[in-house]
Amino acid sequence: MPSRIFLAAMTTLLAAATPVRGEESKPVRLRVATYNVSMYRDGPFQLASELFQEGSAQATRIAEVLQRVRPDIVLLNEFDRDYEKDWARRGFMGRRYLQRPQAGLEPIVYPHFYYAPVNTGVSSGIDLDRDGQVRGPNDAFGFGRYPGQYGMLLLSRFPIDHEASHAFSKLRWIDTSDAKLPIDSETGEHYYSEEALNVFRLPSKSFWDVCVRVPGSGGQPLHLLCSHPAPPVFDGPEDRNGKRNFDEIGLVAKYLSGLPDLFVDDEGKRVTPPTDEPCVVLGDLNADPVDGDGVAGAIQQLLEHPRIDSSFTPTSRGGAAASLATPEVNGAHRGDPAADTANFGGEGYANLRVDYVLPTRGIRVIDGGVYWPVAGEPGAEAIGATDHRLVWLDLELPATPCDAANKPGLPRRSPTSPPPALAPPAPR
């Protein structure tokens, strides 16, 4: 029989774990980010080979940014995916980069990740660019020189429910309601042939619904809606990339609206979008609200969506300073340069707001920003590893009383302040 001491100890533990009736539950806070890291290479396995060695200057700087901001969940755009051994991801997440102190910072460990295939570099078997040949990056389902170039990688401190997560890379453009299919300006016919339209995939990379189980949220999943639409440039008068960008963003909006009979995942499963569960839209969406070359209203499909709370705009001092430094390309812009997330000024293009973290209503935004320190601040050199800047939001999820005590313990701080002396979570 159990001893009285044992029974007394168990009674104390159960009492501590049982919520008091009527006690208010405490919300759960977490930091969610998106970051186009530009970690693509000219050939397959080049990034993997580089990251399994020490000394990649770009990877070191990207790791430093992540260690400074310390997001709980982050989507990395333009991270090459190698399909055989998954070497690139393992190399970056391991002891050479993320788990190694950078610039005197604490290592960071992400025990969970989502890394599904993308359309870039996957041959369509069709002459999409109408040059008389079926080869090259323009004839792939998404522009790319090899499968997996410009891929996506989601990292998370919290468990990912892979059974409840879905990748939608194979959705056909022609099946999308109100599709803005490009028209040949000379003939007035569809720019793409009937043969091409029968196979043409709308996502240029992919569209993911990644289901994360955040401790303290009462078992309610958090859905990360991840994508990286085509840039609305590098085309002709038919504006095929601009229209594809519009409809890729529209695909996310349709998912938020719960439109039936559209979403079949890559495994052939028909998916009912989560219309009553919290979601966060993430990614380099390649669309600025007021500037740039995108189709008018593209990003407004999300910013003005009835489920999205876009009232908080992340900003930085660095973005405003960078705009002033290149007035020849940024001077005519109408948008607030402090909200810019990409520094294209050095390339002869204007800076834009193209990277987004957009929560659905019911998720409270506590704080956020664009990680763009000005010259002389910590991290100012590291951001030069890519032409994009990390965008982050501190979010507050509602918690049920039974889970209120099991909340993340990562304290919040400004990404430009010195890092706290925290040990990273142990890998699983």
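## R90 and its surroundings

In this predicted model, a polar atom of the R90 side chain lies 3.2 Å from the backbone oxygen of K85. R90 belongs to helix α4, which covers residues 87–93. The relative accessible area of R90 is 39%. Because buried residues fall under 20% and exposed ones over 50%, a value in between makes a residue partly exposed, and R90 is therefore classed as partly exposed.

Which residues does R90 touch, leaving aside its neighbours within four places in sequence? The contacts are F52 and K85. The chain also brings R90 and L51 together in space: these residues are 39 apart along the chain, and their C-alpha atoms are separated by 8.4 Å.

## A nonpolar patch on the surface

F52, one of the contacts of R90, sits in the loop between α2 (46–51) and α3 (57–69). With 37% relative accessibility, F52 counts as partly exposed. Together with F45 and W87, F52 makes a nonpolar surface patch of about 280 Å².

## The whole chain

The protein chain contains nine helices and eleven strands. Of its 428 residues, 54% count as buried. The chain exposes about 18,900 Å², and carbon and sulfur atoms supply 51% of that area.

Contacts can also be sorted by how far apart the partners are in sequence. Among contacts between residues at least 6 apart, 76% join residues at least 24 apart.

## Two nonpolar cores

In soluble globular proteins, nonpolar side chains tend to be buried together. In this model, the largest nonpolar core has 63 residues, and the members that touch the most others are L76, F79, F92 and L224. Strand β1 (residues 28–39) supplies the largest share of this core, with seven residues. A second, separate core has 36 residues, including L181, F246, Y255 and C279.

What does F92 touch, not counting residues up to four places away in sequence? Its contacts include M39, L51, A59 and I62. Among the others are L76 and F79, which also appear with F92 in the list of core members that touch the most others.

## A buried serine

Is S206 buried or exposed? S206 has a relative accessible area of 1%, so this residue is buried. The residue is placed in the loop between α5 (194–197) and β6 (207–212).

The side chain of S206 makes a polar contact with the side chain of W208, at 3.3 Å. Not counting residues up to four places away in sequence, S206 also touches P117, V118, M152, A167, F168, S169, C226, S227 and H228.

## Salt bridges

A search of the whole structure finds 14 salt bridges. One of them joins the side chains of D72 and R157, with an N to O distance of 2.7 Å. This pair links distant parts of the chain, 85 residues apart: D72 is in the loop between α3 and β2 (73–79), and R157 is in the loop between β4 (152–156) and β5 (166–167). D72 has 0% relative accessibility and so counts as buried. Another salt bridge joins the side chains of D175 and R172, at 2.9 Å from N to O. Here D175 is partly exposed, with a relative accessible area of 43%, and R172 is partly exposed at 29%.

R364 forms a salt bridge with E396, and their closest N and O atoms are 3.3 Å apart. The two residues are 32 apart along the chain, with R364 in strand β10 (residues 364–370) and E396 in strand β11 (residues 391–397). E396 is buried, with a relative accessible area of 10%. Salt bridges that share partners join R29, R364 and E396 into one network.

## Two residues with positive phi

A103 is not a glycine, yet its phi is positive, about 55°. This residue lies in the loop between α4 and β3 (112–114). With a relative accessible area of 54%, A103 is exposed.

N286, also a residue other than glycine, has a positive phi near 55°. N286 is in the loop between β8 (279–284) and α7 (300–303). Its relative accessible area is 15%, so N286 is buried, whereas A103 is exposed.

How values were computed:
Residues are numbered from 1 along each chain as its sequence is written. This is a predicted model: local features need pLDDT of at least 70, side-chain atom pairs count only at pLDDT 80 or more; totals for chains, interfaces and linings use all residues. Side-chain values use heavy atoms; hydrogens and water are left out. Patches are made of residues with over 30% relative accessible area and no salt bridge: like charges are joined within 9 Å, nonpolar side chains (Val, Leu, Ile, Met, Phe, Trp, Tyr) within 5 Å. Accessible areas come from the Shrake-Rupley method with a 1.4 Å probe; for residues, only the protein chains shown count as cover. A salt bridge is a side-chain nitrogen of Lys or Arg within 4 Å of a carboxyl oxygen of Asp or Glu. Helices (H or I, at least four residues) and strands (E, at least two) are DSSP runs, numbered from the N terminus. Buried means under 20% relative accessible area, exposed over 50%, partly exposed in between (1.4 Å probe, protein chains only). A nonpolar core is a set of buried Ala, Val, Leu, Ile, Met, Phe, Trp, Tyr and Cys residues joined through side-chain atoms within 4.5 Å. Contact means heavy atoms within 4.5 Å. A polar contact is a pair of N or O atoms within 3.5 Å; within protein, one must be able to donate a hydrogen and the other to accept it, and residues adjacent in sequence count only if both atoms are side-chain atoms.
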